[in-house]
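The following report describes the fold of one chain, one of its helices and the contact between two chains.

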Amino acid sequence: MDFLSHLPALQVVVPMLSAPLIILLQPRGLAWAGATAAALASFAIAVALTVAVLGGQTQVYAMGGWPAPYGIELAVDSFSALVLLVVTGAGAGALLAARPSIDQQIEPERQPLFYSAWLLGLAGLAGIVVSADAFNIFVFMEISSLASYVLIAGGPDRRALPAVFKYLIMGTIGATFYLIGVGLIYMMTGTLNLADMEARLGDVTELNPILVAAGFITIGLALKAAVFPLHVWLPNAYTQAPHMITVFLAACATKVAIYVLIRFDYMVFQATLDDHDAQFALFLMPLAILGILVASAVAMFEGHLKRLLATSSVAQIGYILLGASFVSESGLAASAMHIFNHALAKGGLFLAVACLAYHYRDLRLDQLGGAAARMPFTSAALVVCGFSLIGIPGTAGFISKWLLITAALESGPLGWLLVAVILVSSLMAVVYIWRIVETLYFGDSGQGDVTVSEAPYQLLLVTWLVALLNIGFGLFPALPLALANASAALLMGYAG
Amino acid sequence: MKLLELLGYFNYWVFAITLVIGLYAVISKSNLIKKLIGLSIFQSAVFLMYITMDKVEGGTAPIIKAGVEDQIYSNPLPQVLILTAIVVGVSTLALGLAIVVRINERYGTIEEHEILDAD
């Protein structure tokens, strides 16, 4: 066996084994360096896997040498590769920039433990994506969730604690629902391997338990993904988390749950349940539309910068779900593309927020007046990423919104209504991003602290790197587009 | 006959009822510890579902012994799965309790409505 064939397993093993080692690195600079090195290594693994997948080969790995369906199988195809890039990229980028912000927010003696939990979260999220086994996905989901509860609870404000408690309760209910669904399918098929499930479900005559399972799994994962109206845990959790954790989680955590939702549904249920595509669309499309409109409207009136952006995340999850609910190749490509582009836009925005927060303790909009004069580079990066979130041509966000509108028009006679929804919510995004811009550039800076200057270089450089990537992938979207199209074709292939 | 059929699903009835009792406690109780107790009941219900489905009628513990053939075995896999799920449940409960301790330290109460009023 050559080294490259072990990459799917190493994707999980590297961050997971680094996590306990980080605790031993007592000088806290070393702990940060170790965690960052591990995250960069897993990003490199994700890139190598993507290259292999783009070569046309799904990377399959049999854990312990036991072949599927008896053993646990890891499989990386184009859809997993795309999400892996997002997860490990968000982890590596956030960790690279994290040190100044974490030094400010987390006590020195707790930092090694904090970085360790961060790596466990990364390992869990990567594990969900590479795993092709329904129960294994549950275990990794709980590893990543437990790690993110710990990370969010690290927020300095006491309000982080009730927020994380709510997240813990709702997250656990979601995971347990998923577990019930998997149990029902196992009861009817005797297998946990996703591909094997689809094959064996063809022989199952009594489909009612499978229908119930589809319901439990969809609701459970929708809770984890913060699909409207199951999103109530998200705004508080993201607002109160340490700033760099918000960057990491906002960029990838909910998207991984959406990834499992889409994969499970298309691989297992679409081909086996009668009329499932219609039910899937009928159930999820209204939720997606409501999420887009309501969350965007709430964000327009939100006065706290972090909470505003967190609320907008709920709307963006709606876009991803909307694409998936078309049950068409163009819709899925738009979804996959938006997973990638929204991670870039929202990751960049929260990085800029972390830069602002380095000097501004209070992130309410009325306290941030005139910040652009003191932090010009931070504010400019925030504007670029904000444009990408709105979907201005030339930025990454434009590509996925364009794809989504095209898919909506293809989806049927009422497609133009969906286009109207997307346009209206984009206008609302213009409003809430403009409120931030207005505050930063034209707000009254009167009473503020005059010693405020730019954020540390480490933070600022990564922020600008992400901002430039937003423009780069807006002008040259070939790489994510190739992955998104391939994953859409793959998923529709299962469903067909 | 109909009644016997319903009784035949006894374990699944218990599963469904326990699940709902747990969920009710999570939603309706204001005390955070009681919420966690509800969450634990909710998760235990699922353990019962998994354990029930692995039982094969007339089956025994799946230990292969030399000389014994044609023996029916119960399915060991759900038990292994649920062992993992129990560990996950215990960790979640432990973390939840730790957070409640912290909430009590910072707010001086573990009643949800009082916490909401405090901020």
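The bend at a residue is the angle between axes fitted to the seven residues ending there and the seven starting there. Helices (H or I, at least four residues) and strands (E, at least two) are DSSP runs, numbered from the N terminus. This is a predicted model, in which local features need pLDDT of at least 70 and side-chain atom pairs count only at pLDDT 80 or more, while totals for chains, interfaces and linings use all residues. Residues are numbered from 1 along each chain as its sequence is written, and chains are lettered from A and ligands numbered from 1 in the order in which they are written.

In H11(A), a kink of about 25 degrees lies at A:Leu284, shortly before the proline A:Pro286. Among the buried residues of this helix (20 or more other C-beta atoms, placed from the backbone, within 10 Å of their own) are A:Leu284, A:Ala288 and A:Ile292. The buried residues of H11(A) pack against three helices of chain A, listed here with their residue ranges.

| Helix of chain A | Residues |
|---|---|
| H10 | 243–269 |
| H12 | 305–325 |
| H17 | 415–442 |

Chain A as a whole has 19 helices and two strands, and buried residues account for 64% of its 496 residues. Its C-alpha trace spans about 70 × 55 × 40 Å along the principal axes.

Where chain B meets chain A, 25 residues of chain B are in contact (C-beta atoms, placed from the backbone, within 7 Å) with 20 residues of chain A. H4(B) gives the most to this side of chain B, with 13 residues.

Methods: Contact = placed C-beta atoms within 7 Å. Buried ≥ 20, exposed ≤ 12 C-beta atoms within 10 Å, placed from the backbone.
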